[in-house]
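Me: I would like a close look at a single part of this structure, worked through carefully and set in the context of the rest. Please take one position as the starting point and build outwards from there.

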Amino acid sequence: MTDCLFCKIAAKQIPATVVHEDDELLAFKDINPAAPVHLLIIPKKHIGTLSDVQPEDTAVLGRMLALAPKLAAEHGIAVTYDADGTPTGGYKTLVNAGPDGGQVVYHLHMHVYGGARPWKGMH
Ligand code: 5GP
Ligand code: ZN
């Protein structure tokens with residue numbers, strides 16, 4: 001899809017601060033961060049929105065979700081446990097779908113927010 005912003009980022013036609021790349025996924029910093037850490041995870045394959053996901057896409061969806069804790073650990077926002085087992089730290093994952101879901105860029109992406117309680121002032 002030549003006219004898609006995130007396809008162009010995946011194709012390195014538009015620059016982005018890439019934090020992870022493999023055969024199927026790309027992750028990069030959001031250009032307008034809503035939290036101290038704000039990353040976007042995308043499939044390299046163009047999928048417009050969550051409602052366009054096909055049965056053959058479920059594996060890549062799983063990989064997107066599984067990448068979030070790995071990136072969180074690399075960016076200092078992993079969930080860890082105190083000596084008594086109390087969880088600390090953490091992050092928020094979010095997939096906006098469609099206009100009523102607040103989606104602006106129509107290439108499936110998962111937000112990863114952390115470093116502060118990001119739901120304050122988050123759209
Ligand atoms: P949505 O509302 O579609 O879930 O989120 C789209 C996100 O993409 C927004 O948080 C926005 O800041 C980010 N974004 C839009 N254009 C660019 C861009 O050119 N580069 C990067 N890195 N992020 C972008
Ligand atoms: Zn695309």
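Reply: In this predicted model, the position to begin with is Leu39, which is found in strand 3, the strand spanning residues 37–43. Leu39 counts as buried because 28 other C-beta atoms lie within 10 Å of its own, where 20 or more are needed for that label. Setting aside residues up to four places away in sequence, Leu39 touches Val19, Ala27, Phe28, Lys29, Asp30, Leu71 and Val112. Some of these partners can be placed in the secondary structure: Val19 falls within strand 1, which covers 18–21, while Ala27, Phe28 and Lys29 fall within strand 2, which covers 25–29, and Val112 falls within strand 7, which covers 110–114. Not every residue far along the chain from Leu39 is a contact partner, and a distance may be added for Pro69: Leu39 and Pro69 are 30 residues apart in sequence, with 12 Å between their C-alpha atoms.

Just before strand 3 comes the loop that joins strand 2 to strand 3, and Pro36 is found in that loop. Pro36 is partly exposed, with 13 other C-beta atoms within 10 Å, whereas Leu39 is buried. Pro36 touches Gly115 and Ala116 when residues up to four places away in sequence are not counted, and the C-alpha atoms of Pro36 and Ala116 are 6.6 Å apart although 80 residues separate the two in sequence. Pro33 is found in the loop between strand 2 and strand 3 as well, and Pro33 is likewise partly exposed, with 13 other C-beta atoms within 10 Å. For Pro33 a separation along the chain of 70 residues, to Gln103, goes with a C-alpha distance of 15 Å.

Strand 3 also supplies contacts to a position that carries an annotation. UniProt, in an unreviewed entry, lists His109 under "active site", an annotation that may be inferred rather than shown by experiment. His109 lies in the loop between strand 6 (91–94) and strand 7 (110–114), and His109 is buried, since 25 other C-beta atoms lie within 10 Å. Leaving aside its neighbours within four places in sequence, His109 is in contact with Phe6, Leu40, Ile41 and Ile42; of these, Leu40, Ile41 and Ile42 belong to strand 3, residues 37–43, and Phe6 belongs to helix 1, residues 5–10.

The ligand can be described from the residues around it. Ligand 1 is surrounded by 13 residues, of which the closest are Ile31, Asn32, Asn96, Val104 and Val105. By residue class, the shell around ligand 1 divides into 7 nonpolar, 4 polar and 2 charged.

A backbone detail lies further towards the N terminus, in the loop between helix 1 (5–10) and strand 1 (18–21), where Lys12 is found. Lys12 has a phi near 65 degrees, a positive value in a residue other than glycine. Most residues other than glycine have a negative phi. Lys12 counts as exposed, because 11 C-beta neighbours lie inside 10 Å.

As for the setting of these parts, the protein has 2 helices and 7 strands, which follow the pattern α-β-β-β-α-β-β-β-β along the sequence. Its radius of gyration is 15 Å, which agrees with the value near 14 Å that a compact globule of 123 residues would have, and its C-alpha atoms fill a box of roughly 50 × 30 × 25 Å along the principal axes. Of the 123 residues, 24% count as buried, and Leu39 and His109 are among them. Contacts between residues 24 or more positions apart account for 54% of those with a separation of 6 or more.

On confidence, the mean pLDDT of the protein is 94, with 94% of its residues reaching 70 or more, and the predictor gives the complex an ipTM of 0.99 and a pTM of 0.95.

Notes: Residues numbered from 1 in each chain as written. Chains lettered and ligands numbered in written order. Predicted model: local features only at pLDDT ≥ 70, side-chain atom pairs only at ≥ 80, totals over all residues. Helix = DSSP H or I, 4+ residues; strand = E, 2+ residues; numbered from the N terminus. Rg over C-alpha atoms; globule rule 2.2 N^0.38 Å. Buried ≥ 20, exposed ≤ 12 C-beta atoms within 10 Å, placed from the backbone. Contact = placed C-beta atoms within 7 Å. Near = placed C-beta within 6 Å. Nonpolar A, V, L, I, M, F, W, Y, C, P; charged D, E, K, R; others polar. pLDDT = per-residue confidence, 0-100.
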